[in-house]
Amino acid sequence: MLSAPPLAVSYAGETVWLLPERALWWPAQRVLWIADLHLGKAATYRALGQPVPGGTTRENLARISALVLHYQPAQLVFLGDFLHAVQSRTASVLDALTQWRALNPDLDCTLVRGNHDSRAGDPPASLGIRVVDEPWLIGPFAACHHPQKHASHGVIAGHLHPALSLRGRAHDRLRLPCFCLEPGLAILPAFGEFTGGWNVLPQPGRRLFPVGGQAVWQLPET
């Protein structure tokens with residue numbers, strides 16, 4: 001079961017859906033986009049002696065499986081930082097990945113390498129995930145990890161883990177992941193559960209879409 005209806009927006013001449021699960025859906029070609037999984041990040045911290053909880057890898061993969069089951073994508077695109085580090089390649093993480101792939105054996109998967117991928121290495125070849133460098137062109141879009149502009153295609157990227165701080169009248173504050181869209185550039189929030197965030201500020205021409213309460217909504221433009 002997925003949380004709530006998506007929010008449809010126009011980008012690069014196409015209708016895309018911003019999903020409360022912090023992913024993007026391109027319905028015309030049935031492509032699902034996910035940024036910044038950082039699988040095995042908790043395992044990396046535990047290897048350094050930090051007492052962090054386990055189970056995040058299986059939780060993240062279960063969330064992907066729920067999206068795949070619901071939307072039945074023709075293609076799944078990972079926008080970089082698939083594995084967090086070399087230390088992420090533990091037996092438990094690799095076993096969880098193998099089991100996930102066995103549940104989705106025919107799904108066409110592509111990973112656009114990010115900065116963490118260059119250190120962690122590509123996913124095991126047995127997973128059957130195509131690995132490419134940025135920008136990777138697909139339809140009117142340029143799939144990237146690092147936010148950038150492309151001369152002819154609308155970029156869909158990750159890397160920054162955008163988040164938005166909302167302040168209330170009682171001086172309370174709520175920090176939420178968000179989608180950030182501006183001309184020629186769409187930045188997705190981090191999909192991984194065990195990730196930080198970069199505070200993005202409103203500015204003219206920038207559309208911000210916070211994710212919270214199992215919904216996506218648009219912040220009024222400045």
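A visitor and a guide talk through the predicted model shown above.

Visitor: Welcome me in gently: what kind of model is this, and from which number are residues counted along each chain?

Guide: This is a predicted model, in which local features need pLDDT of at least 70 and side-chain atom pairs count only at pLDDT 80 or more, while totals for chains, interfaces and linings use all residues. Side-chain values use heavy atoms, with hydrogens and water left out, and residues along each chain, as its sequence is written, are numbered from 1.

Visitor: How many helices and strands does the chain have?

Guide: Both kinds of element are DSSP runs numbered from the N terminus, helices being H or I runs of at least four residues and strands E runs of at least two. Counted that way, the chain has 4 helices and 16 strands.

Visitor: What percentage of the residues count as buried?

Guide: Buried means under 20% relative accessible area, exposed means over 50%, and partly exposed is in between, with a 1.4 Å probe and protein chains only. The chain has 222 residues, and the share of them that counts as buried is 50%.

Visitor: Among contacts with a separation of 6 or more, what share comes from residues 24 or more positions apart?

Guide: A contact means heavy atoms within 4.5 Å. Taking the contacts in the chain with a separation of 6 or more, the share from residues 24 or more positions apart is 63%.

Visitor: Let's turn to the open sheet. Which strands stand at its edges?

Guide: Two strands pair if DSSP finds at least two bridges between them. With 7 strands in the order β1-β2-β3-β4-β5-β6-β7, the sheet is open and its pairing is mixed. Each edge strand has a single partner, so one side of each is left without a neighbour in the sheet; these strands are β1 (7-11) and β7.

Visitor: In what sense do β4 and β5 pair, and which residue of β5 stands opposite Leu32?

Guide: Strands of a sheet pair through backbone hydrogen bonds, either parallel or antiparallel. Strand β4 (residues 31-34) and strand β5 (residues 75-78) pair over 4 bridges, in the parallel sense. Opposite Leu32, in β5, stands Leu76.

Visitor: Which strands does α2 touch, and what angle does its direction make with that of β2?

Guide: Helix α2 packs on the sheet, touching β2 (14-19), β3 (23-26), β4 and β5. Axes are lines fitted to C-alpha atoms, for helices over the stretch in contact, and angles run from 0 to 180 degrees between N-to-C directions. Between α2 and β2 the angle is about 135°.

Visitor: Now for α3: within what arc do its buried residues fall?

Guide: The buried residues of α3 are Val93, Ala96, Leu97, Trp100 and Arg101. The arc is that of the directions from the helix axis to the C-beta atoms. Seen down the axis, the buried residues of α3 line one face of the helix, because they fall within an arc of 135°.

Visitor: And which exposed residues does the face of α3 turned away from that buried side carry?

Guide: That face, turned away from the buried side of α3, carries two exposed residues: Ala91 and Ala102.

Visitor: Which residue meets Arg58 in a salt bridge?

Guide: A salt bridge is a side-chain nitrogen of Lys or Arg within 4 Å of a carboxyl oxygen of Asp or Glu, and the structure holds 5 of them. The side chain of Arg58 reaches its partner at 3.2 Å, N to O, and that partner is Asp95. The pair links distant parts of the chain, 37 residues apart, with Arg58 in helix α2 (residues 56-71) and, in helix α3 (residues 91-103), Asp95.

Visitor: Are Arg206 and Glu182, another bridged pair, buried or exposed?

Guide: Their side chains meet at 3.0 Å, N to O. Arg206 lies in the loop between β14 (198-199) and β15 (207-212) and Glu182 in strand β12 (residues 173-182), so the pair ties together parts that are 24 residues apart in sequence. Both Arg206 and Glu182 are buried.

Visitor: Which residues are linked with Arg113 in a network of salt bridges?

Guide: Arg113 is partly exposed, with a relative accessible area of 27%. One salt bridge joins Arg113 to Asp133, the closest N and O atoms being 2.9 Å apart. The residues linked with Arg113 in the network are Asp122 and Asp133.

Visitor: Last one: where does Pro135 lie, and what is the form of the peptide bond from Glu134 to it?

Guide: Pro135 lies in the loop between β7 and β8. With omega near -10°, the peptide bond from Glu134 to Pro135 is cis.
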